[in-house]
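Subject: Handing over the structure

Hi there,

Here is the structure I promised to pass on to you. Please have a look at it first, and then read on for my notes.

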Amino acid sequence: MASYPQNFRFGEFVGSLIWLIFWVLIIVALVGLPLIFIVLFYVPLPPVGDQVLTPYLFLTSILYPQSAIPVIKTLMGTDLFRVAMFPGFTYAALIAAVTIFIERKFLAKMQLRVGPLYAGKIEGILQLIADGLKLISKEIIVPSGADKLMFWAAPIAFVSTAAAVVALIPAAPGYVVADVDVGLLAVFAILGFFPLIALLFSWASNSKYPFIGGLRALHQMIAFEIPFILSALSVVILSGTLNLTGIVDSQLQSYWFIFFLPISAFVFYISSLAELERIPFDLPEAESEIVAGWLTETSGMIYGLLQLGSYVKTYALAALFVILFLGGWAGPMVFPAEIHTPIVNISPIYDQEAANGSLWFTLKTFGVIMLMLLPRGISPRIRMDILLHTGWYKLIVLAFINIFVALALIYGGILGPGGLLVR
Amino acid sequence: MTSLEDKFEESKKLGLQIAKESEDDRLMTLSVGPQHPGSGHFRFIIKVDGDYIVYCDPDPGYVHRGEEKMCEYRNVIQNIPHLERPVIHDSNNITYSYSLAVEELVGIEVPRRAQYIRALASELNRQVYTLYWLAIYGIFLGHSTMFMWPTGDRELLIDLLEVLTGARVTHAYNIPGGVRNDMPDGFKERCLRQVRYLQKRFKEYEDIFYNMPLFRQRTEGVAVLSKEDAIKLGVTGSVVRASGIPYDIRKAEPYDIYNEIDFKVQYMKTGDCFARSYVPFLDMKESCHIIEQLLDKMPQSGEVRAKLQPNPKGPPGEAYRRVESGRGALGYYVVSDGTPKPYRVKISVGSFRNMLALPYLLVGQKMGDMPATYWSLNYWPVEADR
Amino acid sequence: MSANKDEPKKPDTSLLPTPAAKPPATATKATTGTQPAKKEQEAPPFEKGLVEEIKKKFGESIKVVFIKPLRTKIMVEPKDIVAIATFLRDNMGFDHAESVAGTDYPKDGQIEVIYHLGSYTREDLAAHVLALTTRTNRDDALLPTLINVYKSVEYHERETFEMLGVYFEGHPRNDRFLLPEDWADIPPLRKDFRIKGR
């Protein structure tokens, strides 16, 4: 019986709305507009080509969009764009969002359901926004006796660790946030943080089921880390570099490594499923055994952040699979060399290579993501001892097979510098 | 041959500390339920030593409604709608044996057509229940497709039963003296169509669930209930049939027209989780044949309800009648003192009897086998609480 | 099938009510016709043989309440019940208990506890249910447990304890089972417990 107050008056309700609008207008007029003017007049803006970007030039782009193109070109050259937009977080988060939607529809079709249907007119495409709004509006419950600092920090750490993996992934030629020489090693180093976060969060929850889930996550990730790295090692042997862009380049010069190393690709795929805690390896979140595993005490946006983090991680591992085995952005050229657009001429910022590369990269990544979603529809959950046995015995042996194959290919003169199959 | 007491000894050999009474620092006590996705309206307290369960204590009663006490305040006909509440998914079977017992006490002759319709409704309802049970078994093992498929196919049967009885799940269809109303026109064709469809789907269930290597790995050889233990514990239904005892009330003590139906009692000999999960499925397949025979042999017309007095009452006496429900033998012990209201009604349900096997099977198991073992006992918490 | 049976409410001073031999007048009424070989008046031979076998061993301590097709009810003294149950399990093949029901008879001042015994091992007994009954005083209801004979009565006896207040001596857990944890009333299946508003 807590729907509305007993002394409800419609007039007061409307009055309160008007007051709200009034205050918003006051704040915008007194604070927001001056702030915009201060930024435009006093903050030095970067030079665009040969012109200095003045507030006047900036404001003319509203009426004359062509003048904004040089500004965008400059921005696209900055690090901020790479971190925040294209190969960085926004791109990854968008792919994660599309992944969630695709997962729900795809799974629904497998299970003879319709999936999300109502939010948004067409096939429930706005379902994700509805879910996000719901999660934001929910109360975040911190269990009594929880380690508050750890409890709040873990979701943020989870998302930022996932984003840190994304930072190392090149999505198109030249489009990478951190082009480091030990890229692959750095990816595995950062991935090693996830079990730690899971364990710390589960311990901070001060509850039994999360703790069991955290321990399971730790066991599982350690058991699969070794085949994971070993399967990538054979790729490193073939390409001779740890730099992810270099790995793609060496595949551009010969053929995709999945043709030489199918077993490694398989091991990598299985290990990444385990790393992602997806069915059949979702033991840390097995709901019929340990409620929701290490996510049991999460609520509201904490849960939302952890889900976002895990889907960003899904993208990162799928992208890594594409880079290691499927030739990264390699693919036939589909974009024209020159582009002519009617109203605004965007040819200054048009890059044929980058557009083509990112298209093929995105398509391949979605293909791999679909493969990762598939087991959820057809497989039951595995048991802990079978899982550990799989990780420690079978996958490591399988990964070693392809390491020897890779060594034979290098020493046989088939691949590597001056090899037979190198174009 | 392992006896029940040996189970504790076996677990000790694994290096486990078997907890019976005393607490120990090594052990973690977990309350599985009632707010747990893997329990239902039921709780069992387990103690784990690492990943091994060393103690289990079932604690039912969260949905206890006092059905037996309520029966003493209503006359035999009024009792029907509330007696089916414990298992609304199997409501035709739980009222079936009550009707049989009351008929024995009051002395009512049930028309032949009514007996067939009753058996038909009971078989359809067994399928509805088993499909739902199977769906939950699927989701307990993390197989979400196996949750959705039987739940979807169950809708068809529910629609079918709605046509027959007028309600989707709580039918109140069996009454002392027959059934409430006759079959509608064209029911036979519709029923046969749905049964054919189900038989087609059962093959797909086997492909995606029972023949799945991961499912086999998780269930084969897990939580074995030997034949001797099954007898000793007095478990019933699919649990006892999975342990190699072909005991089915429909065959052992044929009620109504079941002695005219040709069917086989489905049983397996391994007694593990796989057998316990597969026997109800086999039952469901056999039930399809039973339905076909029932529709075939049914008298085309006739009374479906015996004439009853407004307040039917018989001489003082008592009756104990059983039927084979989705969860095993379902018996009613009804004592009458000559008044229209029963003096005492005792419902002996399969779930309550199968619950006894839970502690014996869980002790010594890994925690990952807990849902597979628990739900393989064909246990419906609400029914056990009554 | 309204056959010969005992009048349960008959006031009786002895602990065991006498088995009624007379068929009630209503027995002529039509029956369900479900039992294949059913006789109205005389007891069926197979069931009679069963009872004879028990009687041969225990003699007069067994009171046969009724013998109907597939159903037999015998009543024994509480002190004999363990021995008789052991005999039934070991020699007769009744290997499990299907249910344990308690019935309150305030007029007699007694509570009747009835064990429905079935058999999985003997083919010819598959359809048969033997009701082993005993009675105890209502005021200090105390019975020896059958848990050492039939493991399967464990939860049933526990339920009978909390629903009717019959203490089973030797049962490891005579405590709450189905009722709420804070139940503080008389056992609810006793006749003097009334549902509110009824």
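Of the two pairs of chains in contact, chains B and C share the most contacts. Before you go further, please keep in mind that this is a predicted model.

**How the chains meet**

Between chains B and C, 45 residues of chain B are in contact with 42 residues of chain C. On the chain B side, two or more residues each come from α2 (67-71), α4 (91-106), α9 (227-233), β6 (317-325), β7 (328-336), β8 (342-348) and α13 (350-355) of chain B. The most comes from β7(B), which gives four residues to the side of chain B that touches chain C. Sorted by class, that side of chain B has 21 nonpolar, 10 polar and 14 charged residues.

The other contact involves 24 residues from chain A and 27 residues from chain B. Here α13 (287-290), α15 (352-378) and α16 (384-411) of chain A each supply at least two residues of the side of chain A that touches chain B. This side of chain A divides into 11 nonpolar, four polar and nine charged residues.

And what about chain A and chain C? No contact joins them, and their closest C-alpha atoms lie 24 Å apart.

**The hairpin in chain B**

Two of the strands listed for the side of chain B that touches chain C, β7(B) and β8(B), are worth a look together. Six bridges join β7(B) to β8(B), and the two strands run antiparallel. One place to find the pairing is B:Gly331, whose bridge partner in β8(B) is B:Ser348. The strands form a hairpin with five residues between them, in which B:Gly338 takes a positive phi near 95°. As for burial, β8(B) is mostly covered, with seven of its seven residues buried.

**The sheet in chain C**

In chain C, five strands form an open sheet in the order β1-β2-β5-β4-β3, with mixed pairing. The edges are β1 (63-68) and β3 (96-105) of chain C; each has a single partner strand, so one side of each is left without a neighbour in the sheet. On average, neighbouring strands of this sheet are turned by 20° against each other, direction ignored.

At one edge, β1(C) is joined by five bridges to β2 (residues 71-76) of chain C, and the two run antiparallel. There you will find C:Ile67 opposite C:Thr72 in β2(C).

At the other edge, nine bridges join β3(C) to β4(C), again an antiparallel pair. C:Gly102 stands opposite C:Val113 in β4(C). These two strands form a hairpin with four residues between them, and C:Gly109 in the turn has a positive phi of about 70°. Is this edge strand buried or exposed? β3(C) is mostly covered: 10 of its 10 residues are buried.

**Helices on the sheet**

Helix α2 (residues 81-92) of chain C packs on the sheet and touches β2, β4 (110-118) and β5 (129-137) of chain C. The direction of α2(C) makes about 170° with that of β5(C). Helix α3 (residues 154-164) of chain C lies across β3 and β4 of chain C, and runs at about 10° to β3(C).

Do write back with any questions once you have had a look.

Best wishes

Definitions and conventions: Residues numbered from 1 in each chain as written. Chains lettered and ligands numbered in written order. Predicted model: local features only at pLDDT ≥ 70, side-chain atom pairs only at ≥ 80, totals over all residues. Pairing = 2+ DSSP bridges. Axes fitted to C-alpha atoms, helices over the stretch in contact; angles between N-to-C directions. Contact = placed C-beta atoms within 7 Å. Nonpolar A, V, L, I, M, F, W, Y, C, P; charged D, E, K, R; others polar. Buried ≥ 20, exposed ≤ 12 C-beta atoms within 10 Å, placed from the backbone.
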